[in-house]
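Me: I am new to this structure and would like to learn how to read its charged pairs and helix contacts. Could we begin with the structure itself?

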Amino acid sequence: MVISSKINDIINEQINKEFFSSYLYLSMAAYFESINFEGFAHWMRLQSKEENSHAIKFFNYIYERGGKVTLKAIEKPKAEWKSPLEAFEEAYEHEKFITDSIYKILEAAKAEKDYATENFLAYYIEEQVEEENSASNIVEKLKFINENRNGLMQMDAKLGKRE
Ligand code: FEO
């Protein structure tokens, strides 16, 4: 069954949000590079790549369902944060916003009895649980570290090992 124009549009919007997420995390990577936290920067670069893959997965899905993708302008992300904690708090807030956005697509799909989209979204719902959890864990650790230099260096080394 061809995707409805409503679901097509809402997924199109989501593609933009995923690309914005990729851009935002790349901007956070740039910020971390600028303050010489290469491990945090590495973590953000990988997160940026993941967001790009989320966007492409939605992109492919629209075509699998006979729809059409229209790419939109990507908003300019913020470039400076006061501290690693502030950056990760924003990343966590952003992920909650994305989760909410995925839930709205799910509600629209349910309302239309678009079971294929409902099924497709399961991947994102699971992914959001993981993403919120990892961002919130880092926030909690950074709060605990409370700007202590040694703690920050250790955290930087740890996040630099993300694969
Ligand atoms: Fe694509 Fe971080 O949600």
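Reply: Let us start with one pair: a salt bridge joins the side chains of R45 and E33, with N to O at 2.7 Å. The two residues belong to distant parts of the chain, 12 residues apart, with R45 in helix α2 (residues 38-64) and E33 in helix α1 (residues 5-34). This is a predicted model, in which local features need pLDDT of at least 70 and side-chain atom pairs count only at pLDDT 80 or more, while totals for chains, interfaces and linings use all residues. Residues are numbered from 1 along each chain as its sequence is written, and side-chain values use heavy atoms, with hydrogens and water left out.

Me: What is a salt bridge, and how many does a search of the whole structure find?

Reply: Side chains of opposite charge can pair when their charged atoms come close. The term requires a side-chain nitrogen of Lys or Arg within 4 Å of a carboxyl oxygen of Asp or Glu. The search finds 10 salt bridges. Among them, K110 pairs with E118, their closest N and O atoms being 3.1 Å apart. Another is formed by K143 and E140, whose closest N and O atoms are 3.7 Å apart. Both K143 and E140 lie in helix α4 (residues 115-145), 3 residues apart, about one turn of the helix. Helices are DSSP runs (H or I, at least four residues), as are strands (E, at least two), numbered from the N terminus.

Me: Are R45 and E33 buried, partly exposed or exposed?

Reply: Buried means under 20% relative accessible area, exposed over 50%, and partly exposed in between, with a 1.4 Å probe and protein chains only. R45 is partly exposed at 42%, and E33 is partly exposed at 30%. E118 is also partly exposed, at 24%.

Me: How do the axes of α4 and helix α5 cross?

Reply: Axes are lines fitted to C-alpha atoms, for helices over the stretch in contact, and angles run from 0 to 180 degrees between N-to-C directions. The axes of α4 and α5 (residues 149-159) come within 9 Å and cross at roughly 155°. The two helices are therefore roughly antiparallel, a term for angles over 145 degrees (under 35 is roughly parallel, 65 to 115 roughly perpendicular, the rest oblique).

Me: Which residues make the contact?

Reply: Contact means heavy atoms within 4.5 Å. From α4 come I138, K141, L142 and I145, and from α5 come G151, L152, M155, K158 and L159.
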